[in-house]
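Below are a few remarks on the model, set out point by point. Please read them with the coordinates open.

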Amino acid sequence: MANAVNYVWNYCNETSLYAIRYNNDWLSGFDLQKLTKGAGKELGINSTTIQEVCSEYALRRKKARKRKLRWRGRKSLGWIPFKSTGISFKDGMVHYAGHELKLFQPERLPAKGGYGSGEFCEDSRGRWYLCISVEYEVKAPEVYASVGIDLGLRSTATLSNGQKVSNGRYYRMMERKLVKAQQGKKKRQAKGIHAKIKNKRMDDLHKASTRIVQENKVIVVGNLSAKKLAKTKMAKSIYDAATTMFRTMLKYKASARGRWYVEVDEANTTRTCSGCRAIPASAPKGVKGLSIREWVCCECGAIHDRDINAALNILRIECDTLASEVR
Ligand SMILES: [Zn+2]
């Protein structure tokens, strides 16, 4: 079925390119759907799958601003999208295009309807997953606290109340194992460790973001500038990906619970003293300052943890904005 999806994708790629080349016609997802109509039976996949592939192709081509995209082949990870009408559930099994597939955790699905479109997808270890959006009610207590969050490199995030969301020792330990596996040319094992690290990280981010939105009414996040990242040698994509992911999680979880999520420009938040609001000469500066974890304000004598101080400033920026709007 994944091969069939690739076939449809490649057909879209080729047809769309021809249309552009010879007619200057940029086919939309709808156009492609018309061209592929009825192919489902032949290919053994659901018709909604073909529709989804077509619209996804058009969307990605538009986003990439290219005349064509990469072909999907043997090395592409399997992907079979569908609309909610393309599948059904019964007795812990999912029914799709005449196939009956057993689910690992069927209890996580809504008992009666309430699900949207989704996909079957394969990970790098060759495991298959069912990803589907489901409707569920979020229970959130009434709270009045507010929190500022400094998204950093060393620990994923520091909160203005002193809590830290760290990506600490576990990963370093796993990374050592990973190096060992790679040196021993144990491909399968290395893939497994990679997946484990990723899963653990995602799990940590989910737990932390849920806790933060459950406990706070207002969530203020500093806007980590790309400049700041580029200055350090730690501009590894993984840190970038983790912070972006964390931001996204906070955002949608906040909106589901009626919380207020806001991003503020974090310029100078590291250097400003959260006690007296001055930018003292003793504050950490530039690239060298990145290694300074703790500093003393020479204006008021306050001792600061670098990240907590930044988080406090981030929260204050939003409070000041709100106060000025009220006035
Ligand atoms: Zn001060």
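1. Zinc site. The zinc ion is held by four sulfur donors, the SG atoms of Cys273, Cys276, Cys297 and Cys300, at 2.2 to 2.3 Å. Bear in mind that the model is a predicted one.

2. Geometry of the site. The angles subtended by the four donor atoms around the zinc ion run from 107 to 114°, so the arrangement is tetrahedral. Along the chain, the donors of the zinc ion are spaced as C-x2-C-x20-C-x2-C.

3. Exposure of two ligands. Cys273 has 0% relative accessibility and therefore counts as buried. Cys276, with a relative accessible area of 32%, is partly exposed.

4. Leu312. This residue belongs to helix α9, which spans residues 306–326. Leu312 counts as partly exposed because its relative accessibility is 35%. Setting aside neighbours within four places in sequence, Leu312 is in contact with Ser160 and Ser274. Between Leu312 and Gly275 the C-alpha to C-alpha separation is 9.2 Å, with the two 37 residues apart in sequence.

5. Helices α1 and α2. Helix α1 covers residues 2–23 and helix α2 residues 29–36; their axes come within 11 Å and cross at roughly 115°. The crossing of α1 past α2 is right-handed. On the α1 side the contact is made by Val8, Tyr11, Cys12 and Thr15, and on the α2 side by Leu32, Leu35 and Thr36. By class, the residues of this contact between α1 and α2 are five nonpolar and two polar, with no charged ones.

Note on methods: Residues are numbered from 1 along each chain as its sequence is written. This is a predicted model: local features need pLDDT of at least 70, side-chain atom pairs count only at pLDDT 80 or more; totals for chains, interfaces and linings use all residues. Side-chain values use heavy atoms; hydrogens and water are left out. Axes are lines fitted to C-alpha atoms, for helices over the stretch in contact, and angles run from 0 to 180 degrees between N-to-C directions. Helices (H or I, at least four residues) and strands (E, at least two) are DSSP runs, numbered from the N terminus. A crossing is left-handed if the near helix is turned anticlockwise from the far one by less than a right angle, and right-handed if clockwise. Contact means heavy atoms within 4.5 Å. Ala, Val, Leu, Ile, Met, Phe, Trp, Tyr, Cys and Pro count as nonpolar, Asp, Glu, Lys and Arg as charged, and the others, Gly among them, as polar. Donors are N, O and S atoms within 2.8 Å of the metal (3.2 Å for Na, K and Ca); water is not among the atoms, so sites may look incomplete. Four donors count as tetrahedral if all angles lie between 85 and 135 degrees; four count as square planar and six as octahedral if opposite donors are over 155 degrees apart and all others between 65 and 115; anything else is irregular. Buried means under 20% relative accessible area, exposed over 50%, partly exposed in between (1.4 Å probe, protein chains only).
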